[in-house]
Amino acid sequence: MIQIQLSNITLVLGAKRIFENLNWEIQRGQRIGLIGANGAGKSSLFKLIESEHTPELGGSITRARLITTGYLPQQPELDPTLTALAAAMAGNPRVGEVHAELEKVEASLGEPEVYGNEKKLQRALEQQHQLIEEYHALGGDSYPERVKSILLGLGLAQSELDKPLSVLSGGQKKLVGLARLLLVNPDVLLLDEPDNHLDLPGKMYLEKLIREYDGTVVIISHDRYLLDAAVSHIAELEDGKLTVFTGNYTDFMIDKEERLARQEELYQIQQRSLARMEVAIKRYRLWAEFNDKFATRIHAMEARMARVDKIDKPILDRRRMELRLNGWRGSNKVLELENISKSFGERKVFAKVNEIIWHGERVGLIGANGAGKSVMLRMILGEATPDTGEIKIGPSISIGHYAQEHETLDFNQTVLNAVRYAGEMSESRATAFLLRYLFTYKQVSQKIGELSGGERSRLQLALVVLSGANFLLLDEPTNNLDIASSEVLEQALEDFEGTVLVISHDRYFLDRTVQRLWVLEEGEMKEYLGGYSDYLETKNRKL
């Protein structure tokens, strides 16, 4: 059953044509991963479905009768005065309405004019029965516990449930927005990067929710592991066109490579055929001067060429961010953690951690939100002090830091000046450097605060390159990057002549990048060889 149908959709925002004559059918029960480069128009597509944007004349969006949608934008708008729990519980206002109606009906049963009138009493009892059934279907008295369970499962801490939204991070507010949608249970969920800022348990919880959701899910995500684990279809938005494929992300990429190779082969065959016809037409024109019969052949061949369904030349090598990390050898022992312990009040974050990172290693640091990953990073950077133990940095080690929330950037500074001062370069050289990181001439003069999350991420990576560091501390570097940019980063880290310690919840990235994992759990640091999949296999064997 087709639930939502987009026909001949063209969208123009400002002077930019986002897509043209786009067609898409969203069918009941599909789990669709909507992918594409940053700026391709994925969020705009959701806003079209939600009527926040209007297509150009000639396009139409049709919904099946009584179909409901639930939309989670990248930045949900919530009442900042409400607590996380109260905001989530308000996601389904019908629960409160039914409860109030039920109390009103039950109170009326004690009124003489009701219990003394058989017809009124019967109507009140029937209404009470219907309301009780609806109340139980919505969760009833267990509704608050269900709300808590969803929030905790997504990764919100128990201590954060009663905090006002005004003090929570953007990622935490997004969790509340997602919980609200799940409680309403719409026919079609439209989720715009819901996995950003989720820790590993939260991502696994989200995957389970998507797989088991009693409805349809369309999710914008750059998390390749999630796209492999949870979706049944991939919809790729590229060059204003939408291509839908049945299968997960890995299947899609294999199929796409085969399709591009076949398209390139057919394109070359067609081009050779058209070239031969054009040569023949030129020859016939010369001969037609002496024999009119060749004029007929010219017309026939031109008509034949006009009927040919032209094959587009496939773009096999798309422009990507040019990221080259210039490290150097430095000390053999890069980092040593010697008997490190850290507590906040009575809460022990970790105790007696003893670890060494050697030159050239790529180490991943993982754990649930609040486990102490960022605390560890701040201590290595010298921004926090361990309660016991010592942190030793090699004598010829220079640290480059990528901050998850981009707090190392000055949001009032222009993009150009940030690069000029960091690289001690002229305006023209800084501009040329930024163009390699996919910035436009217009964006170069913008303030950093005006950039999108993906643009800030690319800028921060550019500044890490300019630092010339040989030991990189990366805190969630792929969070706002599209898939193509994540792949560029993976390749750059592979080629890097230096050492890397990375905090990440991107399991695909960890599999491609790190050689061993430090795992913070229950106040201890445990080490596992290999990437995330190796860690998961080891954990499962122990169960």
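Two strands pair if DSSP finds at least two bridges between them. Helices (H or I, at least four residues) and strands (E, at least two) are DSSP runs, numbered from the N terminus. The model is predicted, so to speak of local features needs pLDDT of at least 70, and side-chain atom pairs count only at pLDDT 80 or more, while totals for chains, interfaces and linings use all residues. Residues are numbered from 1 along each chain as its sequence is written, and side-chain values use heavy atoms, with hydrogens and water left out.

**Exercise 1.** Find the partner of Thr-69 and place its strand in the sheet.

*Solution.* Start at Thr-69: opposite it stands Val-188 in β6. Next, look at the pairing of β5 with β6 (residues 188–192), which is parallel over four bridges. Then step back to the open sheet, where six strands with mixed pairing follow the order β5-β6-β7-β3-β8-β9. β5 (69–72) and β9 (241–246) are at the edges with a single partner strand each, so one side of each lacks a neighbour in the sheet.

**Exercise 2.** Describe how α13 packs with α16.

*Solution.* Begin with the geometry: α13 (residues 415–423) and α16 (residues 453–467) have axes 9 Å apart and an angle of about 15 degrees. Axes here are lines fitted to C-alpha atoms, for helices over the stretch in contact (heavy atoms within 4.5 Å), and angles run from 0 to 180 degrees between N-to-C directions. α13 is therefore roughly parallel to α16 (angles under 35 degrees). Finally, list the contacts: Val-415, Ala-418, Val-419, Ala-422 and Gly-423 in α13 meet Leu-459, Leu-463 and Leu-466 in α16.

Key: Parallel < 35°, antiparallel > 145°, perpendicular 65-115°, else oblique.
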